[in-house]
Amino acid sequence: MPPVSATTTTAERTPMLAGRRGIGESILVKLFVVLPLLALVVAVPFAWGWGLGWLDVGLTVFFYYATGLGVTVGFHRYFTHRAFTANRGLRVGLAIAGSMSFQGPVITWVADHRRHHAYADKEGDPHSPWLYGTSVAAVAKGFAHAHVGWLFERDQTNAARFAPDLLADDDLRRVDRLFMLWSTVSLLAPAVIGGLVTWSWWGALTALFWAGFVRIGLLHHVTWSINSICHMIGERPFAARDRSTNFWPLAVASMGESWHNLHHADPTCARHGVLPGQIDMSARLIWIFEKLGWASRVRWPTPRRLDQLSRR
Ligand SMILES: [Zn+2]
Ligand SMILES: [Zn+2]
């Protein structure tokens, strides 16, 4: 990597990419993507009903939403877009919860996502489905790239350019460095709870499978659907400069993130589901944090702002 000269201070002059991922890290990324997917598509059809008790269901739902909200409220709406201000405890808690989703360390996640908004659906966007063309084959290739293929690319987004605020935060850098620890906790915690509650190795194993691997696989593909489906299929009621869409079938599973067209039209808004009936669990949780006094200066949507953003 060329040395950064003292004059390259503005964001534009700092390179977009920061070198390439090493082989070891590359293999790890593939494992993190492929193992939960295998649990999902290979093991679930065989295992359906097998060893699946109510405890496993409860643990799966709990860890799905706890880590998912860590991503949507923490990684996305707070760390990437600063839709609100959080106190230190909430900031660290959200960073750890999001880190347990097997979606990479917080600073990497935020840098990639800010780059997505900076170049949305144009050259430079790390995961646009529209970079190959509009023929059927090109769209299929674009979908695969946006959904999961981009994760295997070895170019790394330059955090010094896209996330200098996070790099300057000691707490965040520490949480970021301990990513492997949070990943381990994410798999072991359900197993330990399952084992202790049923007082059996069998209970630990089924909880590890369902609330560990299957839960991670499910959340992976819901999160990645925001990058793929929510830039391809759905409604575009708001004036965004890209091809982002609102896709209602994923509203509950994605914790409100599938109202993605509003999000691109107004990225710092704390609520993405702004129209009547649009469920947004992440916004509800931010509202609870605000009532508890842990979050402040929340950027809630106003009728005037929505009117400006509307295509009508
Ligand atoms: Zn997007
Ligand atoms: Zn965003």
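In this predicted model, Asp165 pairs with Arg82 in a salt bridge, and their closest N and O atoms sit 3.1 Å apart. The two come from distant parts of the chain: Asp165 belongs to helix H7 (residues 164–167), while Arg82 is in the loop between H2 and strand S2 (85–86), 83 residues away. Asp165 has a relative accessible area of 32%, so it counts as partly exposed. Arg82 is also partly exposed, at 30% relative accessibility.

That pair has company, since a search of the whole structure turns up 10 salt bridges. Here are three of them, side by side.

| Acidic residue | Basic residue | Closest N and O atoms |
|---|---|---|
| Asp165 | Arg82 | 3.1 Å |
| Glu257 | Arg77 | 2.7 Å |
| Asp266 | Arg305 | 3.0 Å |

Take the Glu257 and Arg77 salt bridge. Glu257 lies in the loop between H10 and helix H11 (260–265) and Arg77 in helix H2, so this salt bridge ties together parts that are 180 residues apart in sequence. Both Glu257 and Arg77 are buried.

Then there's Asp266 with Arg305, another salt bridge. Asp266 sits in the loop between H11 and helix H12 (281–292), and Arg305 is in helix H13 (residues 303–309), so the pair links parts of the chain 39 residues apart. What about exposure? Asp266 is buried, with a relative accessible area of 7%, whereas Arg305 is partly exposed at 32%. Back at Arg77, salt bridges with shared partners join Arg77, Glu257 and Asp280 into one network.

Now for the greasy side of things. A nonpolar surface patch of about 970 Å² includes Ile23, Leu31, Val42, Phe152 and Met180 among its residues. Helix H1 (residues 23–47) is the top contributor, giving 10 residues to the patch. Phe152 comes from the loop between helix H5 (136–147) and strand S3 (155–157), and at 30% relative accessibility it counts as partly exposed.

Next, a helix pair. The axes of helix H9 (residues 179–198) and helix H10 (residues 201–227) come within 7 Å and cross at roughly 150 degrees. That angle is over 145 degrees, which makes H9 roughly antiparallel to H10. The H9 and H10 crossing is right-handed.

One last stop is Leu52, found in the loop between H1 and helix H2 (54–80). With a relative accessible area of 25%, Leu52 is partly exposed. Leu52 and Val71 are 19 residues apart in sequence, and their C-alpha atoms are 27 Å apart in space.

Definitions and conventions:
Residues are numbered from 1 along each chain as its sequence is written. Chains are lettered from A and ligands numbered from 1 in the order in which they are written. This is a predicted model: local features need pLDDT of at least 70, side-chain atom pairs count only at pLDDT 80 or more; totals for chains, interfaces and linings use all residues. Side-chain values use heavy atoms; hydrogens and water are left out. Patches are made of residues with over 30% relative accessible area and no salt bridge: like charges are joined within 9 Å, nonpolar side chains (Val, Leu, Ile, Met, Phe, Trp, Tyr) within 5 Å. Accessible areas come from the Shrake-Rupley method with a 1.4 Å probe; for residues, only the protein chains shown count as cover. A salt bridge is a side-chain nitrogen of Lys or Arg within 4 Å of a carboxyl oxygen of Asp or Glu. Helices (H or I, at least four residues) and strands (E, at least two) are DSSP runs, numbered from the N terminus. Buried means under 20% relative accessible area, exposed over 50%, partly exposed in between (1.4 Å probe, protein chains only). Axes are lines fitted to C-alpha atoms, for helices over the stretch in contact, and angles run from 0 to 180 degrees between N-to-C directions. Angles under 35 degrees count as roughly parallel, over 145 as roughly antiparallel, 65 to 115 as roughly perpendicular and the rest as oblique. A crossing is left-handed if the near helix is turned anticlockwise from the far one by less than a right angle, and right-handed if clockwise.
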